[in-house]
Amino acid sequence: VAGLISPWNLPLYLLTWKIAPAIACGNTVVAKPSEMTSVTAWMMCKLLEKAGVPPGVVNVVFGTGAKAGEALVCHPDVPLISFTGSTLTAQRITERSAPHCKRLSLELGGKNPAIIFDDADLSQCIPTTVRSSFANQGEICLCTSRIFVQRGIYSEFLKRFVAEAKKWKTGNPSDPTVDVGALISKEHLEKVRNYVKKAQAEGARVLCGEGVDPLALPPGNQKGYFMLPTVIAEVKDESCCMQEEIFGPVTCVVAFDTEEEVIQRANGVKYGLAATVWSSNVGRVHRVAHRLQSGLVWTNCWLVRDLNLPFGGMKASGIGREGAKDSYEFFTEVKTITIKH
């Protein structure tokens, strides 16, 4: 029996990504989707039934993490837990599952850097980095939240990046012209806004977005949890905005001088999930990619995925890998049988 706990930010995608390999390996599952996004999981149950999945193979429990999630993690008959979510919750899962010696796969948060060298193709880099910063309102664990730009192109990059970010439209996602929808909750919106306020209090500059540009919303959405794409400059590396996962449409842009320096600074956080490197120098791309403490590194692109490749992070970004071969190994046990004859 595999316990699967999925988050709210990509609810159907991340839930099915766990269920498929688990049942393909012959397991039954008990899945606990986020209580904040339960509708797609309920719809999936109806579709699984219609598709002929036998009763009892895929079981979905709706409830809060403190009750339903805790019960699943603590149950002695659930030998493995696959969790995607916050590092704080993962610590709790580790503690509660330890008495049962459960196998864990933990895909957690990130504070993902983009490193942009002065020989990068900005015509490709800027629109991609805007997307990597603000896609899905920044509510993707793989989003870019720290942008390191080599000093020679820093001013040009900042000017063009802010101009591109301002083009993104915020509003009702049912509108096909909209790029940024609402954040998940009122509490999360306030949390993200508070990070911007902290950056300002530390002397950083907000170049666009929250508190700088007017947010024009349709009449029916004016009480929604919306926030403009926000770019912050002149942030210190030790700032909470450069160290902690914000998980909203906020990114920080800072300058660097040398390759050695930027590697040290990019690695100078507790997380290690994803990173991007932009340069036309192939040797430098390989050098930097190898030295970054990150489970995934994209070079001159972002979110180019093959679901067969290992997915997961280093340090506080998680334990283990999932995807194809790695999922197969996680959801099965190796047994050695020796027969004398």
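1. Gln137 is buried, because its relative accessible area is 10%, under the 20% limit. In this predicted model, Gln137 belongs to the loop between H5 and strand E7 (144-150). Its backbone deserves attention: phi of Gln137 is near 60°, a positive value in a residue other than glycine. As background, most residues other than glycine have a negative phi.

2. Glu234 also has a phi near 60°, again a positive value in a residue other than glycine. This residue is placed in the loop between E9 and H8. Is Glu234 buried, partly exposed or exposed? Glu234 counts as partly exposed, because its relative accessibility is 45%.

3. Glu234 takes part in a salt bridge with Arg205, in which the closest N and O atoms are 2.8 Å apart. Distant parts of the chain are linked by this pair, since Arg205 is in strand E8 and Glu234 in the loop between E9 and H8, 29 residues apart. Arg205 is partly exposed, with a relative accessible area of 40%.

4. A second salt bridge joins the side chains of Arg284 and Asp119, at 3.0 Å from N to O. Arg284 lies in helix H10 (residues 282-291), while Asp119 lies in the loop between strand E6 (112-116) and helix H5 (122-134), so this pair ties together parts that are 165 residues apart in sequence. With a relative accessible area of 13%, Arg284 is buried. Asp119, at 25% relative accessibility, counts as partly exposed.

5. Lys32 and Glu35 form a further salt bridge through their side chains, with an N to O distance of 3.1 Å. Which burial class does Lys32 fall into? Lys32 counts as buried, because its relative accessibility is 4%. Glu35, in contrast, counts as partly exposed at 42% relative accessibility.

6. How many salt bridges does the structure hold? The total is 18 salt bridges. Beyond the pairs discussed above, Glu70, Arg92 and Arg96 are linked in a network of salt bridges.

7. Helix H7 covers residues 186-201 and has 16 residues. From its first C-alpha to its last, H7 reaches 22 Å, close to the 22 Å expected at 1.5 Å a residue. Its buried residues are His188, Leu189, Val192, Tyr195, Val196 and Ala199. These residues are on the same side of H7, because they cover an arc of only 115° around the axis. The general geometry of an α-helix is relevant here: with 3.6 residues a turn, residues three or four places apart point the same way. On the other side of H7, Glu187 and Ala201 are exposed.

8. What do the buried residues of H7 pack against? The partners are strand E8 (205-208), strand E9 (230-233), helix H8 (240-243) and strand E10 (250-256). Among these elements, strand E8 also holds Arg205 of the salt bridge with Glu234. Just after H7, Gly203 takes a positive phi of about 100°.

9. Ala31 lies in strand E2 (residues 29-32). Ala31 counts as buried, because its relative accessibility is 0%. Which residues does Ala31 touch, not counting residues up to four places away in sequence? With that exclusion, the contacts of Ala31 are Leu4, Leu15, Asn59, Val60 and Val61. As a further distance for reference, the C-alpha atoms of Ala31 and Ser82 are separated by 9.5 Å, the two residues being 51 residues apart along the chain.

10. On the surface, Val39, Trp42, Met43 and Phe62 make a nonpolar patch of about 430 Å². One of these residues, Met43, is found in helix H2 (residues 39-51). Met43 counts as partly exposed, because its relative accessibility is 44%. This value is over the 30% relative accessible area needed for a residue to enter a patch, so Met43 can be included although it counts as partly exposed.

Terms used: Residues are numbered from 1 along each chain as its sequence is written. This is a predicted model: local features need pLDDT of at least 70, side-chain atom pairs count only at pLDDT 80 or more; totals for chains, interfaces and linings use all residues. Side-chain values use heavy atoms; hydrogens and water are left out. Helices (H or I, at least four residues) and strands (E, at least two) are DSSP runs, numbered from the N terminus. The expected span of a helix is 1.5 Å times one less than its number of residues. Buried means under 20% relative accessible area, exposed over 50%, partly exposed in between (1.4 Å probe, protein chains only). The arc is that of the directions from the helix axis to the C-beta atoms. Contact means heavy atoms within 4.5 Å. Patches are made of residues with over 30% relative accessible area and no salt bridge: like charges are joined within 9 Å, nonpolar side chains (Val, Leu, Ile, Met, Phe, Trp, Tyr) within 5 Å. Accessible areas come from the Shrake-Rupley method with a 1.4 Å probe; for residues, only the protein chains shown count as cover. A salt bridge is a side-chain nitrogen of Lys or Arg within 4 Å of a carboxyl oxygen of Asp or Glu.
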